[in-house]
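Student: I would like to work through this structure with you, one question at a time. Could we reason from the atoms to each answer?

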Amino acid sequence: MTDDANGQTVAAKAGHFLDVHSGAVTPEIQPSTTYARDDRYDLINAANAYSRDDNPTFVHAERTLADLEHGEEALLFSSGMAAIAAVFYTLRPGSHIVVPDSMYWGVKAWLQNHCERSDIFMSEYDPCDVTTIETAMQSQNSTSIVWVETPNNPYLHITDIEAAADIAHTGDAMLCVDSTVATPVFTRPLDLGADLVVHSATKYLNGHSDVLCGALVTREEHPLWQSIVTERQQAGALPGSFEAWLLLRGMRTLYVRVKEATANAMQIAEFLNAHASVETVWYPGLNSHPGYDIAKRQMQGGFGALLSFAVKDGRQEALKTAGRLQLITSATSLGGVETLIEHRHSVEPESNGIPENLLRLSVGIEHVDDLIADLDAALP
Ligand SMILES: *Cc1c(COP(=O)(O)O)cnc(C)c1O
């Protein structure tokens, strides 16, 4: 597929796969962990030796994802966190990283531990104001990695990737973008200047809440990428063949799922915004959202299917609202075909200051009328 091939077609065709031996239109799962050599001790297929190094089942999912993100190469990992950890494991003690002051909590919590035990300096910036990246970078002599998550968790803050890339590159840092929430359907960070894209493939890429998987996509084979390739081979944070195969299967419907969920999310955001019991709605598709203008430019064709809202009268009313929902399930995670709601204050430490009346909604592909009726009945 060429670089400008329509992503929807890339996803649906999953690399134009056709098995010439069997005629199958889907790739097979190869569970073998090891691969034989011939009588001259050459590998029968030079691409395969041991499945921690290379796994033929991964190739289709990695190629498809690299094409979707307009990247040169992609790597699958056993989870989104494993993919993210692989990036930071390549840094030496004394390195400096710059991360948003609000972001997916699992990443921040891991980074706090990792940076402390590995003597890595971590500075924070305001994800709504890229000029603060420059200030954060200037706090040390040099910076290795600038991290962006957009739209972020749980406020759906929008960071201008193009501007962030310029700032990072001016200081010789790499720009890594966690694009889990935007998906390649709406944003291609590599086209905007990012060096690496990260996905929790557990979320929209797989889309069915039944695979834990992560992925990295690189713009080119820079030295950082070579270190990450080695890190994965040697440390082995890989998914199994079945998970990689399920991910590819999930990605084939990425566009229809994400577009439908996003159309639902837009309507739900408007419904919530007009509801008397709702104090605030955080959704980048509402023009009252502080990141709306950047999102409109940066996100092509939609604003994603994740939103947060605050229920009037505090914690108890928010928890009661979640408890009264019949169709929408209270559970962590996002990006599945089913709508999930989560009270973030209950799962993050008090010091993160998440409002006690905030509920995060991962909108799925149920009929929007049913979702709105469920929310309407549950809200005070
Ligand atoms: C879920 C998530 C992660 C972590 O991914 P796992 O697959 O759960 O390890 C990282 N970043 C974002 C934005 C996420 O939503």
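Student: In which loop is P151 found?

Tutor: Keep in mind throughout that this is a predicted model. The peptide bond from T150 to P151 is cis, with omega near -15°, and it helps to place that bond along the chain. Strand 4 covers 145-149, and P151 is found in the loop between strand 4 and helix 6.

Student: Which other residue of that loop, between strand 4 and helix 6, should I look at, and what is the omega of the cis peptide bond that joins N153 and P154?

Tutor: The place of P154 is likewise in the loop between strand 4 and helix 6. Most peptide bonds are trans, so a cis bond deserves a careful look. For the cis bond that joins N153 and P154, omega is about -10°.

Student: Where does H70 lie, and what is its phi?

Tutor: H70 lies in the loop between helix 2 (56-68) and strand 1 (73-77). Most residues other than glycine have a negative phi. H70 is a residue other than glycine with a positive value, and its phi is near 60°.

Student: How is the chain divided into domains, and how far apart do the C-alpha centres of domain 1 and domain 2 lie?

Tutor: The domain assignment gives domain 1 as residues 7-251 and domain 2 as residues 254-378. Taking the C-alpha centre of domain 1 and that of domain 2, the separation is 26 Å.

Student: How much area is buried between domain 1 and domain 2, and which three residues supply the most of what domain 1 buries?

Tutor: In terms of contacts, 36 residues of domain 1 touch 41 residues of domain 2. The area buried between the two domains is about 3,200 Å², with carbon and sulfur atoms giving 62% of that area. On the side of domain 1, 26% of the area buried against domain 2 is supplied by three residues, more than by any other three, and they are Y155, F186 and Y204.

Student: How many salt bridges cross the interface of domain 1 and domain 2, and how many residue pairs are in polar contact there?

Tutor: The rule finds one salt bridge across the interface of domain 1 and domain 2. Polar contacts across the same interface, counted for pairs with both residues at pLDDT 80 or more, come to 13 residue pairs.

Student: Which helix gives the largest share of the side of domain 1 that touches domain 2?

Tutor: The elements that give two or more residues to that side are helix 1 (7-13), helix 6 (161-170), helix 7 (183-186) and helix 9 (241-251). The largest share is four residues, and the element that gives them is helix 7.

Student: What does the salt bridge between E124 and K108 tie together?

Tutor: The structure holds eleven salt bridges, and in one of them the side chains of E124 and K108 meet at 2.9 Å, N to O. E124 lies in strand 3 (residues 121-125) and K108 in helix 4 (residues 105-118), so the pair ties together parts that are 16 residues apart in sequence.

Student: Which residues come nearest to the ligand, and what is the distance from the side chain of T202 to an oxygen atom of the ligand?

Tutor: Of the 15 residues around the ligand, those that come nearest are M81, D178, S200, T202 and K203. A backbone N or O atom of M81 lies 2.8 Å from a ligand oxygen, and an N or O atom in the side chain of S200 is 2.8 Å from an oxygen atom of the ligand. For an N or O atom in the side chain of T202, the distance to a ligand oxygen is 2.7 Å.

Technical notes: Residues numbered from 1 in each chain as written. Predicted model: local features only at pLDDT ≥ 70, side-chain atom pairs only at ≥ 80, totals over all residues. Heavy atoms only, no water. Domains from an automatic or database assignment. Contact = heavy atoms within 4.5 Å. Buried area = accessible area lost by both parts, 1.4 Å probe. Salt bridge = Lys/Arg side-chain N within 4 Å of Asp/Glu carboxyl O. Polar contact = N/O pair within 3.5 Å; in protein donor to acceptor, adjacent residues only side chain to side chain. Near = heavy atom within 4 Å.
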